[in-house]
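Open the structure in your viewer and keep the selection tool at hand. The tour moves from one selection to the next, and at each stop it says what you should find there.

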Amino acid sequence: MPDYVVPPAAPVALPVVGSDALFAVRRVYCIGRNYADHAREMGHDPDREPPFFFQKNPNNLSPAATFPYPSQSNDVHHEAEMAIALHSGGTNISTENALSHVYGYAAALDMTRRDLQATAKAQGRPWEIGKAFEHSAPIGPIHPVEKTGHLNTGPIRLLLNGTIKQEGNLNQMIWKVPEMIAFLSTYFTLAAGDVILSGTPAGVGPVTKGDVMTLSIAELTPLTVTVT
């Protein structure tokens with residue numbers, strides 16, 4: 001047994017539908033502005049931009065039913081996303097072979113301290129302060145591909161206190177799942193345990209304490225999270 005100077009952190013592990021086994025998380029990649037209407041509502045032209053990614057930390061993923069409102073922000077937004085969990089990876093993965101690396105899918109939220117993100121953008125700084133904070137990625141259980149098939153179409157909808165705020169279809173993604181995996185693998189070595197958040201439809205907006213967010217995506221288990 002190695003003698004660690006400090007005890008190693010426990011792995012981040014997510015539940016899997018229909019199994020007692022857990023999915024251990026290695027890295028979390030998030031694609032930006034992957035739905036045209038959302039890109040436009042954020043002031044960008046989706047037809048001119050190649051894909052870009054930022055990262056959250058593995059322990060930002062939270063299967064809890066609550067989202068603690070974070071400090072240092074007065075403008076926290078919901079972003080409804082589909083999570084893609086990989087069981088294998090590599091470098092320079094072809095688009096044609098990319099889906100063979102997918103273990104399953106889950107509903108997830110990319111919670112964003114929008115005011116801090118806006119300040120970082122204006123200063124030309126990284127987005128982590130607005131994106132990679134504690135509990136910033138609520139996530140539902142992972143559905144293995146053999147139970148759902150590959151999800152390239154289907155409704156994605158977020159209700160805030162029972163009112164629809166975000167609504168779209170997975171087929172509206174600018175960069176599809178195989179393209180995301182292939183593109184990422186040219187810059188990073190992807191591996192088992194990696195999770196990709198695939199972007200959000202238009203309608204992102206603020207939450208306050210006491211709000212209830214309910215996200216549904218195709219046949220995935222809905223995700224309900226209360227802001228505390």
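Begin by selecting Val-177, Pro-178, Met-180, Ile-181, Ala-182 and Leu-184, which are the buried residues of helix H5, where buried means under 20% relative accessible area, exposed over 50%, and partly exposed in between, with a 1.4 Å probe and protein chains only. Helices (H or I, at least four residues) and strands (E, at least two) are DSSP runs, numbered from the N terminus. The model is a predicted one, in which local features need pLDDT of at least 70 and side-chain atom pairs count only at pLDDT 80 or more, while totals for chains, interfaces and linings use all residues. Residues are numbered from 1 along each chain as its sequence is written, and side-chain values use heavy atoms, with hydrogens and water left out.

H5 is mostly covered, since 6 of its 8 residues are buried. Now add strand S3 (28-31), strand S4 (53-56), strand S8 (80-86), strand S9 (102-109) and strand S15, because the buried residues of H5 pack against these strands, contact being counted when heavy atoms lie within 4.5 Å.

Next, select Asp-194, which is found in the loop between helix H5 (177-184) and strand S15 (195-197). Is Asp-194 buried or exposed? Asp-194 is buried, with a relative accessible area of 0%. Leaving aside neighbours within four places in sequence, the residues in contact with Asp-194 are Phe-23, Arg-26, Arg-27, Tyr-29, Ile-84, Ala-85, Leu-86 and Thr-189. With one of them, Arg-26, the side chain of Asp-194 makes a side-chain polar contact at 2.9 Å; a polar contact is a pair of N or O atoms within 3.5 Å, and within protein one must be able to donate a hydrogen and the other to accept it, while residues adjacent in sequence count only if both atoms are side-chain atoms. A polar atom of the Asp-194 side chain also lies 2.9 Å from the backbone nitrogen of Ala-191.

Move on to helix H2 (residues 114-122) and select Arg-114, Leu-116, Gln-117 and Ala-120, which are buried. They lie on the same side of H2, because they cover an arc of only 160° around the axis, the arc being that of the directions from the helix axis to the C-beta atoms. Among the elements covering the buried residues of H2 are strand S7 (76-78), strand S10 (112-113) and helix H3 (128-131).

Keep Arg-114 selected and add Lys-56, Glu-79, Asp-110 and Lys-131, for these five residues are linked in a network of salt bridges. A salt bridge is a side-chain nitrogen of Lys or Arg within 4 Å of a carboxyl oxygen of Asp or Glu. Arg-114 and Glu-79 meet in one such bridge at 2.7 Å, N to O; Arg-114 lies in helix H2 and Glu-79 in the loop between S7 and S8, so the pair ties together parts that are 35 residues apart in sequence. Lys-131 also forms a salt bridge with Glu-79, the closest N and O atoms being 3.4 Å apart. Between Lys-56 and Asp-110 the closest N and O atoms are 2.9 Å apart.

Finish at strand S13 (residues 155-160) and strand S14 (residues 163-169), which pair in the antiparallel sense over 6 bridges; two strands pair if DSSP finds at least two bridges between them. S13 and S14 form a hairpin with 2 residues between them, and Asn-161 in the turn has a positive phi of about 55°.
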